[in-house]
Structures are given as C-alpha cells and as structure tokens.
Amino acid sequence: MKKYLRLLGLALAFLMLTAGAYAAASGDSLISLNYLQNTFYPQAVQAGEEAGNKALQKTYDDAKNQLDAVQGGNAGGGEGLYSETLQRRNWSDGQIITLSTGGGFVLMDGSATLVHTGVVVDVTTGTETASGGTLVLNHRYLVGENTAAAVTIRSGAAALGLQGGYTLMDGKSQHTPFYDVSQSDWFYAPVGYAYERGLFSGVDANHFSPGTDMNRAMLMSVLHRLAGSPAAGSAAFTDVPDGLWYTQAVRWGASAGVTSGTGDGKFSPNGQITREQAVAMLYNYAANYMMLEVNSGADLSGYSDLNRLSSWARPSMSWAVSQGIISGAANGSSLTLDPQRGATRAEMATMLRAFCEKVL
C-alpha cells in the first residue's frame, strides 16, 4: 500500500513542479533550482503522501460503513458476529474466522494461516498477500473488494485483533493455551499429550517455551504428578529445603528410588537435566517405583559418541532406545545420542509421551 501512496505523492509533486518550472521559465527570479530540489519538491511529496493517506482512510472507512449497514452495528451471534476495533482477543486451535470486503485483522501472537478468494493486502508492506500462506506477526491486513478471507488458527491459542463483520467456525475441543506450540512443530502432539494429562504446564499462561532447557526439579515434579502426587519421604538432600515448589516431589523421588541425586548429598534442583540423566530417571521410575521388567536393551555400538555416555547411564540408555523413548540424531554420516546435552522442555514432553504409551 505504501508504494501506491508514494506514486500518488509523486504524481501530485510532478504537477506542482511543472507549475514551478513554468514560473521559473517566465522569469520569476524568486524560484531557483536549489529551492526546487531542497524545499519545494520534498514538501510536494509530503503533501502528496498525506493526500494519499486520506484517500486510503476514506476507502477503508467507506468499506467499514458498508459492513456496519449490513451487520446493523452490533455484535450478534452465528452469522452476525462483528468487531468494532482491532482489539487484541484470544482465539483457539483450529478456529476459522471468515471476513468479507473491508474487514481487517492483525496477528499479535501465535500462528495462523490465510486462505482467500480474491485480494488481501498486507497494509504494513503495501503488497498483496498470497492465499495459503502464514500470517506475519503484527502486520495489518485488509480484505479487498469481492473477497472472502478465512483465517485459521494453527497454534494452541493465538492473539488476533480483527475489525468488521465475520463468521466463526469452531476449532478443536481439546487444545493447549500456548501461542508457541503450533501444528507445524514436531513437538505439537507430545506437548498436547503432556498438557492434557496434567504433566506439564507452561512457563506462563500462554507460553510453553519448548526450546528452554528442563532442569532437574522440573522433571522430578513431572514424574511426581505422573505417579499421582503421592506422599513425600523424609529429607534426603542438603540443597532441597522445606517449603519449595519441588520439595515434596524430590523427597518422594528419593524415597521411591527414582533419583539418588548428584553426589555429596545433593540433588542439584536447578541444574540442567541432561539426556542421560532424564532416561535414567525414567528407567528408575519403571524399575523401582512401578516394578516393571526393564531387562531389554538396544545395541548402542552404532552411535559415534558412545564414549560420551556415562558408564552408570548405559543400562538405562540402552533400555530407552529399545523402547523408543529416545532416538539418536543424525550428525552428518553418523548417528549420535548427545547424552551430555541438556534436554529441552519439548524433548522431555516427547520422551514422556513415549514412556507413557510404550512402557506404562
């Protein structure tokens, strides 16, 4: 849209410059080339752009007034939904919002795609938006003439402002409240699984923070909830005092044989949970708490970084690979376990889903 305003400004400037040039040719000594270049021309372009802005706003207002007339100016239900302003609102996974000519919308957080039948303009860049693409955060879109535009929410939740008349199709009955977990993410299903079963919550009301490293206290709290939050044991570690959010979970984990800490009487609750530590806790949960058979194991000789796997973690890692709880990552032509790398929240959700479905 900005390029159209620029062209309109240049056109007006050209007319004004023509008049200036004519005056100069007529012998008006007050008009100089320096004045035309440094004062007259910039002012003319600015005046043109302001006139273009007014024209764009009038077009938008006219379209909105037509929608007002059709909708009767009130927010009804079903086919008569209406939004007066682009106020931020929350929408949920799978909902489809369909707008008509003159409608506008802005995606403020989350993920959404757009399908339309004609022209939708990205007002922020002044370009037309292709049908079937993903909306850009904080860009304002305007639905063109004779066009129906359908916005589909692809994340667990999304913050979207819209203006004009619209219809709404229901989305998924079960979904997460997370802006940062989208249908296109590899961890979408595992995070949904863990959230629906109360194993995981977000770092705040609307963010899961999938790439953030998990710490040891977080994982122990998840396993404690998985066990049904049983009574805690006695104090076991010097760095786990009374009254903290993870105290009961860590004490239960020690009494149930899920964890033996990190040595010297410490649990290291804020320490990053590594991939080998994570599978060891899951292994102990199955063997010591659930009393399940955990003798099966996979051959790990094909992993190029096997030498980085701690000796105490070999039985649990072999078992976890055989159960499909953890898999290696391709690193060029080799396969690696990355045992010392920190496990992210998304990775832990994936491991826990596999653990629940394949072991428990």
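In the predicted model, ring pairs join Trp252, Tyr283, Tyr285, Tyr289, Trp319 and Phe355 into a cluster. A search of the whole structure returns 14 aromatic pairs. Between Trp91 and Tyr166, the ring centres are 6.0 Å apart and the planes stand at 80°, so this pair is classed as edge-to-face. Because Trp91 belongs to strand β2 (residues 89-92) and Tyr166 to strand β11 (residues 157-169), the pair ties together parts that are 75 residues apart in sequence; both residues are buried. Within the cluster, the rings of Trp319 and Phe355 have a centre distance of 6.4 Å and an angle of 75° between their planes, so that pair is likewise edge-to-face. Here the link runs between distant parts of the chain, with Trp319 in helix α7 (residues 314-323) and Phe355 in helix α8 (residues 345-358), 36 residues apart. Trp319 and Phe355 are both buried.

The largest nonpolar core comprises 57 residues, of which Phe200, Leu223, Trp319 and Met348 touch the most other members. Two or more residues of this core come from each of α3 (188-196), α4 (216-226), α5 (247-255), α6 (275-289), α7 and α8, and the greatest contribution, eight residues, is that of α6. When residues up to four places away in sequence are not counted, Leu223 touches Trp252, Val258, Met281, Leu282, Tyr285 and Leu352, and among these contacts Trp252 and Tyr285 are also members of the aromatic cluster. A second core, separate from this one, has 19 residues and includes Ile97, Ala112, Ile153 and Ala158. In soluble globular proteins, nonpolar side chains tend to be buried together.

Helix α8 was examined further with respect to its length and its burial. At 1.5 Å a residue, the 14 residues of α8 should span 20 Å, and the distance between its end C-alpha atoms, 20 Å, agrees with that expectation. Because ten of these 14 residues are buried, α8 is largely enclosed by the rest of the structure. The buried residues of the helix are Arg345, Ala346, Glu347, Met348, Ala349, Met351, Leu352, Ala354, Phe355 and Cys356, and the elements that cover them include α3, α4, α6 and α7.

Arginine side chains are also placed over aromatic faces. Arg345, one of the buried residues of α8, lies over the face of Phe208 at 4.5 Å from the ring centre, while Arg197 lies over the face of Tyr193, at 3.6 Å from the centre of that ring.

Definitions and conventions:
Residues are numbered from 1 along each chain as its sequence is written. This is a predicted model: local features need pLDDT of at least 70, side-chain atom pairs count only at pLDDT 80 or more; totals for chains, interfaces and linings use all residues. Side-chain values use heavy atoms; hydrogens and water are left out. Rings of Phe, Tyr and Trp (its six-membered ring) pair if their centres lie within 6.5 Å; planes under 30 degrees apart count as stacked, over 60 as edge-to-face and the rest as tilted. Helices (H or I, at least four residues) and strands (E, at least two) are DSSP runs, numbered from the N terminus. Buried means under 20% relative accessible area, exposed over 50%, partly exposed in between (1.4 Å probe, protein chains only). A charge sits over a ring if NZ of Lys or CZ of Arg is within 6 Å of the ring centre and within 35 degrees of the ring normal. A nonpolar core is a set of buried Ala, Val, Leu, Ile, Met, Phe, Trp, Tyr and Cys residues joined through side-chain atoms within 4.5 Å. Contact means heavy atoms within 4.5 Å. The expected span of a helix is 1.5 Å times one less than its number of residues.
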